[in-house]
Amino acid sequence: MEFVDALTGFRVDGRRPNEVTPTFPFPTAPPRVTQSHSVLLLDFAQMRQLKGEVGVVARADGSALFEMGNTRVIAAVYGPREVQNKGQQVNSKEALVRCEYRMAEFSTGDRRRKPKGDRRSTEISLVIRQTMEASILTHLMPRSQIDIFVQVLQADGGTRSACINAATLALADAGIPMRDIVTSCSAGYLCSTPLLDLNYVEDSAGGPDVTVGILAKMDKVTLLQMDAKLPMDTFENVMELAIEGCKAIATYIRETRKINGLNMLKIASHKWITHRVKGLLVEDEWLCPVQWTGNS
Amino acid sequence: MRDLHLSLNQTQRVRLEAALHELQSLAPAAASAAAVTVADTIPVNQEDNILKGHGTSDQDGEVVATLCGVVERVNKLVYVRTLRARYKPEVGDIIVGRVIEIAPKRWRLEINFSQDAVLMLSSMNLPDGIQRRRTAVDELNMRSIFEENDVICAEVRGFQHDGSLHLQARSEKYGKLERGQLLTVPPYLVKRKKQHFHHLAQYDVDLILGCNGFIWVGEHVVVGEKTKTTEYQQKSSDDAENFTPLETRKHICRLANAVRVLSALGFTLTVELIIETAEASVSSNVEVNNMLGAEFYVQTAEREAKRRADLLRKKNGAR
């Protein structure tokens, strides 16, 4: 099958494989805020459309819905809370991170009951847990546990990347301290072209598929998976492309969080910050303007 | 705002959006500069050696946020205060919690913290009010004081050496809360004040704004008579006498719904605001059960926007 059109260079779903830059950058003006939550949409030539939404599960401490094209994932974070099973606690000075990955029965083309502890989901649970644990500052929450539940609502390739991105957004929403934003993106190599963010059709073509997770700001890799063989120089190109994608997602996630936090802040704030200026206690009528002394 | 899942009609949606937009525009521009997300660099002046507080870390000489929230600066200290997160106890906070377990000589309480709080039998006033050593008999009778699922009010005593959080209830005003409603709101909406217990005499209702975001709305209890009522209940007699009047129950529901509306909209909860909202529902003839309908949400948002605009105008006029 032709995964990259020889004539036009378009991919199966109409994406162009050769552009790494986004088709349009972030709008300079803040995007319009909908009534209940702010939802940003972003289009890249290479990547599928991204959509992130926080606060989708009412009872959870933090929750997020993340979409990469047709892949749609929901994540809920509970905690930090008391350790439920004391036997699992290895080190009482650090928080215990647990993760559960599930695919909804209706998420794939053929509806089939998915057993809870099958090998695939156990493996992905472990991968997500390890990736998130690398960024969570567990030593700040002793004697507690953090539960991350991710469920795939619609699977169209790159579910583990989408799960990691959703989990990051949910953890940030829950106010859990993290070293950095973890984002993940996959890339493949088909028809001698490196392709970013494979969809289900491209994924099932059987070519190499590299999933990369990075700490966006620190530029560190926390996850790297590949189940096929690839020449070294090609691999470097593919990985480069995946990292590029991760960074684009990181920008997107940061923007989503910022708008959400700002809305909450502006609505709640009314005469609630006391701040000290040169030893005098000043009760500010409004949110205190932060006095920048440095160059902002 | 996030818990708001309403079915609004077109007009209501426009009105709510306008009100929320106004609220956002009323907030000072500095708010946007103070908001940070994970991995944002916090601009600081390197010359005045600053202290890095909670929610910050050092990366290649830069101060980087590890939380999403607001940057606060107190003299040299720079820290990030989170908005939506679990409760972070401070010594002396008044909290409301629910008993989840009775362990030897202690109760374990759920208080929306990252671990369960501990209330020792020894840091608790005995029902007979006598100061004495707690005996084994007292320990066996712990269930007569608090049972599982009881809602109680206490004060944060501090962290023990092993990192557990201890509470105390050494006053008449602390103890079991009965005949009322417990509401949970995000803790950032409750600000630490001098007064957390409020007796709303006009409604005959007690309102406790727990620092942990647990809010109690219940029938007024006269301090000092508490011991008497517990005795009554043990005998399980005089049910009619202990009956909460219908009027009071309605007031409790009205105030509780006011808290629900305000917290869903994301307004900082103060007694004044809660009373004002409840009063407004009375004056605009909104029934208790209709308070959680879309219309009242929109009205509340509009009223708050107007109130803040007036305040700002007054403040600017005074200058």
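Here are some short exercises on the predicted model above, each with a worked solution.

Residues are numbered from 1 along each chain as its sequence is written, while chains are lettered from A and ligands numbered from 1 in the order in which they are written. Because the model is predicted, local features need pLDDT of at least 70 and side-chain atom pairs count only at pLDDT 80 or more, whereas totals for chains, interfaces and linings use all residues.

**Exercise 1. Confidence**

Task: find out what mean pLDDT each chain has, and where pLDDT is below 50.

Solution. Start with the term: pLDDT is the predictor's confidence in each residue, from 0 to 100.
- Chain A has a mean pLDDT of 80, with 81% of its residues at 70 or more.
- In chain A, residues 20-38 are below 50; beyond near neighbours in sequence, this stretch has 28 contacts in the model. Two residues are in contact if their C-beta atoms, placed from the backbone, lie within 7 Å.
- Residues 270-296 of chain A also stay under 50, with 43 contacts beyond four places in sequence.
- Chain B averages 86, and 91% of its residues score at least 70.
- Among the elements of chain B, helix α5 (residues 226-235) has the lowest mean pLDDT, 49, and strand β7 (residues 94-103) the highest, 95.
- Where pLDDT is low, the predicted coordinates should not be read in detail.
- For the complex, the predictor gives an ipTM of 0.86 and a pTM of 0.86.

**Exercise 2. Helix α1 of chain B**

Task: check the length of α1(B), then work out where its buried residues lie.

Solution. Helices (H or I, at least four residues) and strands (E, at least two) are DSSP runs, numbered from the N terminus.
- The expected span of a helix is 1.5 Å times one less than its number of residues. For the 17 residues of α1(B), residues 10-26, that should be 24 Å, and the end C-alpha atoms are indeed 24 Å apart.
- Next, burial: a residue is buried if 20 or more other C-beta atoms lie within 10 Å of its own, exposed if 12 or fewer, and partly exposed in between, with C-beta atoms placed from the backbone.
- The buried residues of α1(B) are B:Leu16, B:Ala19, B:Leu20 and B:Leu23. Down the helix axis they fall within an arc of 95°, so they line one face; the arc is that of the directions from the helix axis to the C-beta atoms.
- These buried residues pack against α4 (232-268) of chain A together with α8 (294-318) of chain B.
- On the other side of α1(B), B:Gln10, B:Thr11 and B:Ser25 are exposed.

**Exercise 3. A sheet in chain B**

Task: trace the strand order of the open sheet of four strands in chain B and name its edges.

Solution. Two strands pair if DSSP finds at least two bridges between them.
- The order is β1-β5-β6-β2, with mixed pairing.
- The edge strands are β1 (35-36) and β2 (51-52), each pairing on one side only.
- β2(B) pairs with β6 (residues 77-82) in the parallel sense over two bridges, and B:Leu51 stands opposite B:Leu77.

**Exercise 4. B:Arg260**

Task: decide whether B:Arg260 is buried, exposed or partly exposed, and find which residues B:Arg260 touches.

Solution.
- B:Arg260 sits in helix α6 (residues 246-265) of chain B.
- It has 18 other C-beta atoms within 10 Å, so it is partly exposed.
- Not counting residues up to four places away in sequence, B:Arg260 touches B:Leu183 and B:Leu292.
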